[in-house]
Amino acid sequence: QVQLVESGGGLVQAGGSLRLSCAASGSIFSINAMGWYRQAPGKQRELVAAITSGGSTNYADSVKGRFTISRDNAKNTVYLQMNSLKPEDTAVYYCYGDIMNNGYIRRDYWGQGTQVTVSS
């Protein structure tokens, strides 16, 4: 059993900052990429940022220069530092991990989602 638990969402004014965290735990053999998606009301889920086990990163164009993804491999945790937040960043943010469990089965696991609301 593998679980991803997110924290750090909330309400912030435009221009403010939030930091999301996501910790993976359970029967983990190895973790490859980790990252964040988001889904706003009435919209499709979209990739926000991703990071490989080696530290290579990928960002959506809409967040480049404002968001920073990082990870602590020793803690199986991924972070998303969000600065200069805009109302259009309002969404439920989902953490994911490309994880191989102790049974050597590799698949994507998802967190439960955390709400980020940016007021204008």
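Me: Let's start with one residue. What is the relative accessible area of S84?

Reply: Good place to begin! The model is a predicted one, and in it S84 has a relative accessible area of 41%. To read that value you need two cut-offs: under 20% is buried and over 50% is exposed, with partly exposed in between. At 41%, S84 is therefore partly exposed.

Me: Where is the place of S84?

Reply: Look for the loop that runs between strand 8 (77-82) and strand 9. While you are there, check the backbone too: phi of S84 is near 50°, which is a positive value in a residue other than glycine.

Me: For which other residue is phi positive, near 60°?

Reply: That is Y104, again a residue other than glycine. Y104 sits in the loop between strand 9 and strand 10 (106-110). With a relative accessibility of 55%, Y104 counts as exposed.

Me: Now a charged residue. Is R66 buried or exposed?

Reply: Use the cut-off again: buried means under 20%. The relative accessible area of R66 is 10%, so R66 is buried. You will find R66 in the loop between strand 6 (57-59) and strand 7 (67-72).

Me: With which residues is R66 in contact, leaving aside neighbours within four places in sequence?

Reply: Here a contact is read as heavy atoms within 4.5 Å. R66 is in contact with Q81, M82, N83, S84, L85, K86 and D89. Among them is S84, the residue we began with.

Me: How do I read the end of the chain? Where is the place of S120?

Reply: S120 belongs to the segment that follows strand 11 (114-119). Its relative accessible area is 86%, so S120 is exposed. Once residues up to four places away in sequence are set aside, S120 touches A14 and P87. You can also compare sequence with space: S120 and E88 are 32 residues apart along the chain, and their C-alpha atoms are 9.6 Å apart.

Me: Next, the disulfide. Which residues does it join?

Reply: A disulfide is read from a pair of cysteine sulfur atoms. The structure holds one, and it joins C22 to C95, with 2.0 Å from S to S. C22 lies in strand 3 (residues 18-26) and C95 in strand 9 (residues 91-101), so the pair ties together parts that are 73 residues apart in sequence. Both C22 and C95 are buried.

Me: Why is the disulfide of C22 and C95 described as left-handed?

Reply: Read the torsion about the S-S bond. For C22 and C95 it is about -75°, so the disulfide is left-handed.

Me: Let's zoom out. How many helices and strands are in the chain?

Reply: Count the elements along the sequence: the chain has zero helices and 11 strands. The radius of gyration is 14 Å, close to the 14 Å that the globule rule gives for 120 residues, so the chain is as compact as a globular protein of that length. Along its principal axes, the C-alpha trace spans about 45 × 25 × 20 Å.

Me: How many of the 120 residues count as buried?

Reply: As a share, 42% of them. For the outside, the chain exposes about 6,200 Å², and carbon and sulfur atoms supply 46% of that area.

Me: One last feature: how many positive and negative side chains does the chain have?

Reply: There are 11 positive and 8 negative side chains. To see how the two sets are arranged, compare their centres, which lie 2 Å apart.

How values were computed
Residues numbered from 1 in each chain as written. Predicted model: local features only at pLDDT ≥ 70, side-chain atom pairs only at ≥ 80, totals over all residues. Heavy atoms only, no water. Helix = DSSP H or I, 4+ residues; strand = E, 2+ residues; numbered from the N terminus. Rg over C-alpha atoms; globule rule 2.2 N^0.38 Å. Buried < 20%, exposed > 50% of the residue type's maximum accessible area, 1.4 Å probe, protein only. Areas by Shrake-Rupley, 256 points an atom, 1.4 Å probe, with all protein chains shown as cover. Lys, Arg positive; Asp, Glu negative; His and termini not counted. Charge placed at Lys NZ, Arg CZ, Asp CG, Glu CD. Disulfide = S-S within 2.5 Å.
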